[in-house]
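Reader: I am new to this structure and would like to learn how to read it. Could you walk me through it step by step?
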Amino acid sequence: MSANFVALTYLTAAVLFILALKGLSSPVSARRGNLFGMTGMGIAVLTTLTITDNVLYILLAITVGGVIGALVARRIQMTAMPELVAAMHSLVGLAAVLIAMAAFNNPVAYGIGETLHASNRIELFIGTFVGAITFTGSIIAFGKLSGRISSKPLRFTGQHWFNLLLGVLMIAFGILFFITQSWAPFLIMTAIAMLLGVLLIMPIGGADMPVVVSMLNSYSGWAAAGIGFTLNNNMLIIAGSLVGSSGAILSYIMCKAMNRSFFNVILGGFGGGVADANADNEVKAQRTYRSGSAEDAAFLMGNADGVIIVPGYGLAVARAQHAINEMAKLLTEKGVRVRYAIHPVAGRMPGHMNVLLAEAEVPYEQVVEMDEINNDFADTDVVLVIGANDVVNPAAKNDKSSPIYGMPILEVHKARTILVVKRSMAAGYAGLDNDLFYMDKTMMVFGDAKKVVESVIKALS
């Protein structure tokens, strides 16, 4: 196949990737965006197969990986999507490291030449250390999200100075590799980068893991782009740059949504304070609250002019999205205006709630983002908070001592009546008690989200 044709097909795949990102910007066009992305990846893979002599090995790897991926996709629950994404990022980082090692070991086979030029060594250095940090950092993120590692921040005295020292050593061995072109400094540099990946993510609390996943997504893209420069593969450069830049933009948006510093996120120096807030949770837990039944909730919502539903991670765990849509249809038939309010980080992952509601065939026009709906809470008769906690905590607005102070929230506390569905009065993922639960206009409805909603449906019927 001619070089011009390869360049043309890679360009076509790149355009499809861009169209895929554009399509994913809206629930209405998301299906089309996924189709563009899959088509572009298919073209890229087929083109790569035509320019290599190792077709059999590549097909074998694709088959094995495809079978594993299909099995995982069939078994994975939507609630486990954040940790699955983190696990996938770790594989991207590891792939970047392994490709860099292979290219360093045999540059001729990768079309680099007999020797590594200065630019090649710089590209290998950048691609390797970013990939190594992504690899181990993503493993830690996976462990925290899946509960295999404690979600509490792990800190030690002099932590930042130690990380800085490791960063300096990593660069120093990178420079030594650049000068000597030998394995020893290259491997030491890689080992230090892997250790940095662990130390950058361990101090971050579980509540900040959605930002970490987005950040690691960006890192994996830049690692792929760096290796693309080394291999002189335009497709890898473009695809990696798209992933890296889109991940960085998403991280910035999420930082604004969680009142975090973007640069602190990049350096892994955030996520503190939550553990300190746990000390007064026992005192707050002694406060009184009002509770009611599913029938009480059905009566209040059935006689309201408007209801806003705030879904959260608890809804995902209970798989209550189909039941909540059925309940909304019954309310609509009674003349009640129903909408869903979505926080940018609801469900521990950007877009998690949107996907769940789309799966249940909730009309897109009923799903409203935080910035568009916050002004409507004050004029809303009833708000149903189901499975959400930290994203509706008024402490973010009025408690300067709270670790989440300044974080934009769904201003549920302004509604006339608030219904909260929870299993218990336990604190949310951030480890913070929620003043919303103790307000006079709040009624707690305890139980599994799906069972509670099914009881509401029965009462409405």
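**Cavities, strands and salt bridges**

Author: Let us start inside: the lining of the largest cavity has six nonpolar, one polar and no charged residues. Here Ala, Val, Leu, Ile, Met, Phe, Trp, Tyr, Cys and Pro count as nonpolar, Asp, Glu, Lys and Arg as charged, and the others, Gly among them, as polar. Please keep in mind that this is a predicted model, where local features need pLDDT of at least 70 and side-chain atom pairs count only at pLDDT 80 or more, while totals for chains, interfaces and linings use all residues. Residues are numbered from 1 along each chain as its sequence is written, and side-chain values use heavy atoms, with hydrogens and water left out.

Reader: How is a cavity found, and how many of 30 Å³ or more does the structure hold?

Author: Rolling a probe the size of a water molecule over the atoms shows where empty space is left. On a 1 Å grid over the protein atoms alone, a cavity is a set of points where a 1.4 Å probe fits but cannot get out, and lining residues have an atom within 4 Å of a point. Grid points are joined across faces, edges and corners, and the volume is the space filled by probe spheres set on the points. The structure holds two cavities of 30 Å³ or more.

Reader: Which residues line the largest cavity?

Author: Look for P27, N354, L357, A358, V362, Y364 and V367. They surround about 50 Å³ of space. Helix α16 (residues 352–359) gives the most to this lining, with three residues. Helices (H or I, at least four residues) and strands (E, at least two) are DSSP runs, numbered from the N terminus.

Reader: What lines the second largest cavity?

Author: Its lining is made of A297, M301, M327, L384, V421, V445, V452 and V456. Two elements, α13 (294–302) and α19 (449–460), give two or more residues each to this lining. By class there are eight nonpolar, no polar and no charged residues, and the space comes to about 30 Å³.

Reader: Now for the strands. Is β1 buried or exposed?

Author: Buried means under 20% relative accessible area, exposed over 50%, and partly exposed in between (1.4 Å probe, protein chains only). Six of the six residues of strand β1 (residues 306–311) are buried, so β1 is largely enclosed by the rest of the structure.

Reader: Which residues point which way from β1?

Author: In a regular strand the side chains alternate between the two faces of the sheet. In β1, G306, I308 and V310 point one way and V307, I309 and P311 the other, and all are buried.

Reader: Which strands does β1 pair with?

Author: Two strands pair if DSSP finds at least two bridges between them. Strand β2 (residues 337–342) pairs with β1 in the parallel sense over four bridges, with V307 opposite V338 of β2. Strand β4 (residues 382–386) also runs parallel to β1, joined by five bridges. Across that pairing, V307 has V382 as its bridge partner, and P311 has I386.

Reader: What can I read from β4 itself?

Author: Five of the five residues of β4 are buried, so β4 is largely enclosed by the rest of the structure. V382, L384 and I386 cover one side, with V383 and V385 on the other. β4 is also joined to β5 by five bridges, and these two strands run parallel; there, I386 has V421 as its bridge partner.

Reader: How many salt bridges are there?

Author: A salt bridge is a side-chain nitrogen of Lys or Arg within 4 Å of a carboxyl oxygen of Asp or Glu. By this rule the count comes to five. One of them joins the side chains of R339 and D376 (2.8 Å, N to O). R339 sits in strand β2 and D376 in the loop between α17 (370–373) and β4, 37 residues apart, and the pair links distant parts of the chain. R339 is buried, at a relative accessible area of 13%, whereas D376 is partly exposed, at 26%.

Reader: Which salt bridges share partners?

Author: Find E411, which is buried at 10% relative accessibility. The E411 side chain meets that of K397 (3.1 Å, N to O) and that of K414 (2.7 Å, N to O). K397 is partly exposed, with a relative accessible area of 42%, and K414 also counts as partly exposed, at 40%. Salt bridges that share partners join K397, E411 and K414 into one network.

Notes
On a 1 Å grid over the protein atoms alone, a cavity is a set of points where a 1.4 Å probe fits but cannot get out, and a pocket is an open set with protein on both sides within 12 Å along at least five of seven lines; lining residues have an atom within 4 Å of a point.
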